[in-house]
Amino acid sequence: MVNQKSTALTDIGFTHDDFAALLDKYDYHFSPGDIVPGTVFSIEPRGALIDIGAKTAAYIPIQEMSINRVDSPEEVLQSNEIREFYILSDENEEGQLTLSIRRIEYMRAWERVRQLQAEDATVRSGVFATNRGGALVRIEGLRGFIPGSHISTRKPKEELVGEELPLKFLEVDEERNRLVLSHRRALVERKMNRLEVGEVVIGTVRGIKPYGAFIDIGGVSGLLHISEISHEHIDTPHSVFNVNDEVKVMIIDLDAERGRISLSTKQLEPEPGDMIKNRDLVYDKAEEMAAKYREQLLAKQQGIAPAMTLSDEGEVAAEEVAEEVAEEEIPSAIEAVEEEIPAAIEE
């Protein structure tokens, strides 16, 4: 009888190895990059233990709890809270996985800014710091950079900290971890919505370069290219204008995509060279000459092709030269401050 019982126990014997194998069979298998649900069951001073169904509780360090700075785990997590976690690394020597919420927020933030860029949306954000190349803001939790050439304000950069700015996207590159924005483009777009080609506006000369003068018109800058100052040849814009001069100009092009407003006084000249010889006459006749320009523009749009006038030839030449200037003389704001652009997220 005893022998029969021993034989039966031997036949149905279940070793520790068999038990471990059975656990493995029914255990979940986790890999870095997986997003899994978990329950917070213990909050510690610098992290928290999370039950995700593994053999050992997973751990999330405080620096992985949010895309933003966190001083205490309680700012993000509560005991018994159930939420999603990103598996950041394989099990350590103690069989424990490391988790992240920050990485989930990071992925979703990039998805959101890509969508905003595709919609050509204008966003608003406060400046939290400045550096030699520009200003820093946060968009959807990501750190964005505004190049100095794309900050359109008379304030020194240092005084922008704390100020909220409207912004357009220049570059959204998750792979290179770069998020670059433009304040100038947002202002130009808003201003452009109220401007028309052929409209005469009054502005102030804010800067003079060899290739033209930059004119402030209501808070945004337009370029009066040297070829659009007069029908007469001009060696340098300095011979016609001084900084802070008030000028009357006509808008000849609005490029919202590039954030560029092109201006002209040449198209307002009653006679070639009047901008050099009799500027007051040009300003007095500006609206009259602009009306003629708009008539010619409308005729072209309606398919009427009158003989090309001297003004038309100048406009074509100005467009060609302006393109050359745009490509050669005015470097990309992004390229110009390449070393100053910080990563969108601090690793």
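Among contacts in the chain between residues at least 6 apart in sequence, what percentage join residues at least 24 apart? The share is 62%. Keep this value in mind during the tour of this predicted model.

**The whole chain**

Begin by selecting the entire chain and displaying it as a cartoon. Nine helices and 15 strands can be found there. Of the 347 residues, 43% are buried. If a surface is then switched on, the exposed area of the chain is about 19,400 Å², and carbon and sulfur atoms supply 48% of that area.

**The largest nonpolar core**

Next, select I215, I217, F241, I261, L263 and L268. These residues have the most contacts inside the largest nonpolar core, which has 33 residues. To see which parts of the chain build this core, colour the elements that give two or more residues to it: the helices α4 (183-192), α6 (279-284) and α7, together with the strands β11 (200-209), β12 (212-217), β13 (220-225), β14 (246-255) and β15 (260-264). Strand β14 provides five residues, the largest share of the core.

Now centre the view on L263. Leaving aside neighbours within four places in sequence, its contacts include I215 and I217, then G222, L223, L224 and H225, and also V249, M250, I251 and I252. E228 is another residue in contact with L263.

**A second core**

Move on to I67, A121, I151 and L160. They are among the 22 residues of another core, which lies apart from the one just visited.

Zoom in on I151, whose place is in the loop between β8 (142-147) and β9 (164-173). Is I151 buried or exposed? I151 counts as buried because its relative accessibility is 12%, and the cut-off for buried is under 20%. Not counting residues up to four places away in sequence, I151 touches G134, A135, I146, K157, L160 and H183. For a distance to display in the viewer, choose the C-alpha atoms of I151 and L167: they are separated by 9.5 Å, and the two residues are 16 residues apart along the chain.

**Helix α7**

Finally, select residues 286-301, which form helix α7. This helix has 16 residues and reaches 22 Å from its first C-alpha to its last, close to the 22 Å expected at 1.5 Å a residue. Show the side chains of A286, M289, A290, Y293 and A299, the buried residues of α7. An α-helix has 3.6 residues a turn, so residues three or four places apart point the same way. The last stop is G303, which follows α7 and has a positive phi, near 90°.

Technical notes: Residues numbered from 1 in each chain as written. Predicted model: local features only at pLDDT ≥ 70, side-chain atom pairs only at ≥ 80, totals over all residues. Heavy atoms only, no water. Helix = DSSP H or I, 4+ residues; strand = E, 2+ residues; numbered from the N terminus. Expected span 1.5 Å × (residues − 1). Buried < 20%, exposed > 50% of the residue type's maximum accessible area, 1.4 Å probe, protein only. Contact = heavy atoms within 4.5 Å. Areas by Shrake-Rupley, 256 points an atom, 1.4 Å probe, with all protein chains shown as cover. Core = buried A, V, L, I, M, F, W, Y, C linked by side-chain atoms within 4.5 Å.
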